[in-house]
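User: I am new to this entry and should like to understand the terms used for it. Please explain each label by setting the value against its criterion.

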Amino acid sequence: MNHRLNIDVFALAPETAESALGLKNLPAFLRATVNPHSGGLAGAVKHYATNAASQLIIVEDDGDTAALIKRLEGLAGVVEPGRKLIVIGAVNDITIYRQIISMGVADYLLSPASIGDLSAAIERATHDPAAQPKGKVISFYGIRGGVGSSTVAHNVAWLLSTQMKMRTILVDLDLAFGTAALAFNEEPRQPLIDALLDPERLDPILLQRFMVGESDDLQILSTHGMPRSSMILSQLAIEKLVDLSRQMADIVVLDLPHYWANWVEDLLLLADETILVASLDLANLRDARNLVDLLRAKRGEEREARLVISKADMGKRSRLTVKDFTSTLSVQPLAQIPFDPTSFIESVNDGKVISEKNRKHKAALAFQRIADAVSGRPQPARRLMSWRPALKRQVAKPART
Ligand SMILES: Nc1ncnc2c1ncn2[C@@H]1O[C@H](COP(=O)(O)OP(=O)(O)OP(=O)(O)O)[C@@H](O)[C@H]1O
Ligand SMILES: [Mg+2]
């Protein structure tokens with residue numbers, strides 16, 4: 001996920017202007033605001049004489065070395081300190097590069113700048129090597145209500161934390177009806193919504209007061225289950241919550257409600273991994289198709305959302321198969337969870353997820369497959385050893401006479 005960035009661009013070449021506008025199509029810049037201006041570096045000097053500057057400024061100039069340096073000095077006189085500056089110039093010479101960098105400019109690129117040049121320069125300019133490493137964010141979203149998305153999220157969170165020993169925060173964003181605390185037999189201290197209504201106050205210490213969990217590896221942010229009248233959330237509050245959680249854990253599992261809002265879409269787009277949970281019926285197929293198309297366009301093919309089929313055996317009743325989903329969506333499901341109401345009801349009643357109650361259950365094996373895929377950890381090679389005795393037995397079996 002990327003931070004919000006406000007970028008002022010003063011391009012001269014039409015190709016540079018086009019590249020700057022194209023940044024918004026890159027997943028890393030979805031939350032950035034690109035403000036295009038005209039007039040290049042000279043235009044920037046005029047503009048900032050009467051306007052405040054954004055955190056990041058990109059200016060283009062077509063002058064020779066002397067003209068470029070003079071204009072940059074002019075710019076330094078009108079821009080507030082602390083802003084990052086990327087310069088695009090026409091002079092291809094290492095001495096000008098050194099001279100400009102020594103003036104405190106973050107980067108110097110040759111004109112016209114491609115979209116790749118710009119994104120790499122911005123990445124270098126804004127990367128803080130002293131910043132804390134941040135955890136991976138995994139969003140779980142049910143294509144239709146009640147498909148079993150929260151059940152998948154809770155089991156995967158349990159496996160990642162308790163079995164795979166990754167510090168995990170499970171954030172139940174179904175703020176009124178969420179069941180994350182219930183699933184682990186925990187009593188929430190304070191509903192998560194209270195933390196989100198006053199985002200200014202939110203910091204790691206306060207957030208910790210909202211967390212419950214049986215171990216340090218698994219901390220849960222959830223609700224008592226209580227609809228309230230004041231539940232309108234700001235996107236910024238959710239963003240801050242997720243960002244703080246990332247600073248406090250290796251993995252942040254987001255249990256999203258089946259609901260459509262800007263912040264939900266944002267979390268589906270920006271998460272490191274997005275898992276869509278569907279069951280096998282026509283309404284799920286239609287909505288999965290719409291959502292897969294939307295996410296494919298905005299997340300890009302390399303960050304494709306993954307599909308999990310829940311209550312898989314129900315397909316016998318709706319007469320839809322996994323193959324129908326695979327061919328319509330062009331996505332191979334990551335895992336299939338069998339439909340087993342008795343085991344799942346028992347697990348809710350006991351306050352223990354299936355993966356904890358019965359690790360050999362087919363559902364638990366499917367949850368493990370999802371946890372392996374999203375953990376980012378390399379998986380050990382399949383052990384062939386266990387097959388050998390069986391093979392030997394077969395070979396040794398005497399032929400019947
Ligand atoms: N594979 C399964 N087989 C049988 N029952 C299941 C299965 N997965 C989940 N359930 C049950 O289905 C119900 C809904 O599950 P869950 O709350 O996980 O769905 P959801 O998609 O998160 O729903 P919501 O739209 O309310 O957020 C629960 O009672 C749960 O125990
Ligand atoms: Mg749910």
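Analyst: We may begin with a pair of residues: Phe10 stands opposite His37 in strand S2. The model is a predicted one.

User: How do you know that S1 and S2 are paired?

Analyst: Two strands count as paired if there are at least two bridges between them. S1 and strand S2 (residues 33-37) have 5 bridges, in the parallel sense, so the criterion of at least two is met.

User: Why is strand S1 called largely enclosed?

Analyst: Strand S1 covers residues 6-10, and 4 of the 5 are buried, so the rest of the structure largely encloses it.

User: What makes strand S9 largely enclosed?

Analyst: In S9, residues 251-255, 5 of the 5 residues are buried, so this strand too is largely enclosed by the rest of the structure. Ile251, Val253 and Asp255 point one way and Val252 and Leu254 the other way, and all are buried.

User: Which strands pair with S9, and how do you know?

Analyst: Strand S6 (residues 136-142) is joined to S9 by 5 bridges, and strand S7 (residues 168-172) is joined to S9 by 5 bridges. Because pairing requires at least two bridges, both count as partners. S6 runs parallel to S9, and S7 does as well. Val253 in S9 has Ile138 opposite it and also Leu170.

User: Where does S9 stand in the sheet, and which strands are called edge strands?

Analyst: The open sheet has 7 strands in the order S8-S7-S9-S6-S10-S11-S12, with parallel pairing, and S9 stands between S7 and S6. The edge strands are S8 (218-221) and S12 (335-336), as each pairs on one side only.

User: What makes S10 and S11 a pair?

Analyst: Strand S10 (residues 273-278) and S11 share 4 bridges in the parallel sense, and the criterion is at least two, so they pair. Leu276 has Leu307 as its bridge partner in S11.

User: Why is Ala305 described as buried or exposed?

Analyst: Ala305 has a relative accessibility of 12%. Buried means under 20%, so Ala305 is buried. Ala305 lies in the loop between helix H12 (282-299) and strand S11 (306-309).

User: Which residues are in contact with Ala305, beyond its neighbours within four places in sequence?

Analyst: They are Thr274, Leu276, Leu295 and Arg299; contact requires heavy atoms within 4.5 Å. As for Leu276, its C-alpha atom is 6.9 Å from that of Ala305, although the two residues are 29 apart along the chain.

User: How do you know whether Glu265 is buried or exposed?

Analyst: The relative accessible area of Glu265 is 17%. That value is under 20%, so Glu265 counts as buried. Glu265 is placed in helix H11 (residues 262-270). Leaving aside neighbours within four places in sequence, Glu265 is in contact with Trp260, Leu294 and Lys298.

User: Are Asn185 and Ser330 buried or exposed, and why?

Analyst: Exposed means over 50% relative accessible area. Asn185 has 60%, so it is exposed. Ser330 has 55%, so Ser330 is exposed. Asn185 is in the loop between helix H7 (180-183) and helix H8 (192-197), whereas Ser330 is in the loop between helix H14 (322-329) and S12. Phi is near 55° in Asn185, a positive value in a residue other than glycine; phi of Ser330 is also near 55°.

User: What joins Ser111 and Pro112?

Analyst: A cis peptide bond joins them, with omega about -10°. Pro112 is in the loop between strand S5 (107-110) and helix H5 (115-126).

User: What makes the approaches of ligand 1 to Val147, Lys311 and Pro338 polar contacts?

Analyst: A polar contact is a pair of N or O atoms within 3.5 Å. An oxygen atom of ligand 1 is 3.1 Å from a polar backbone atom of Val147. An oxygen atom of ligand 1 is 3.0 Å from an N or O atom in the side chain of Lys311. A nitrogen atom of ligand 1 is 2.9 Å from a backbone N or O atom of Pro338. Each distance is within 3.5 Å, so each pair qualifies. Taken alone, ligand 1 exposes 630 Å², of which the protein buries 75%.

Definitions and conventions:
Residues are numbered from 1 along each chain as its sequence is written. Chains are lettered from A and ligands numbered from 1 in the order in which they are written. This is a predicted model: local features need pLDDT of at least 70, side-chain atom pairs count only at pLDDT 80 or more; totals for chains, interfaces and linings use all residues. Side-chain values use heavy atoms; hydrogens and water are left out. Buried means under 20% relative accessible area, exposed over 50%, partly exposed in between (1.4 Å probe, protein chains only). A polar contact is a pair of N or O atoms within 3.5 Å; within protein, one must be able to donate a hydrogen and the other to accept it, and residues adjacent in sequence count only if both atoms are side-chain atoms. Accessible areas come from the Shrake-Rupley method with a 1.4 Å probe; for residues, only the protein chains shown count as cover.
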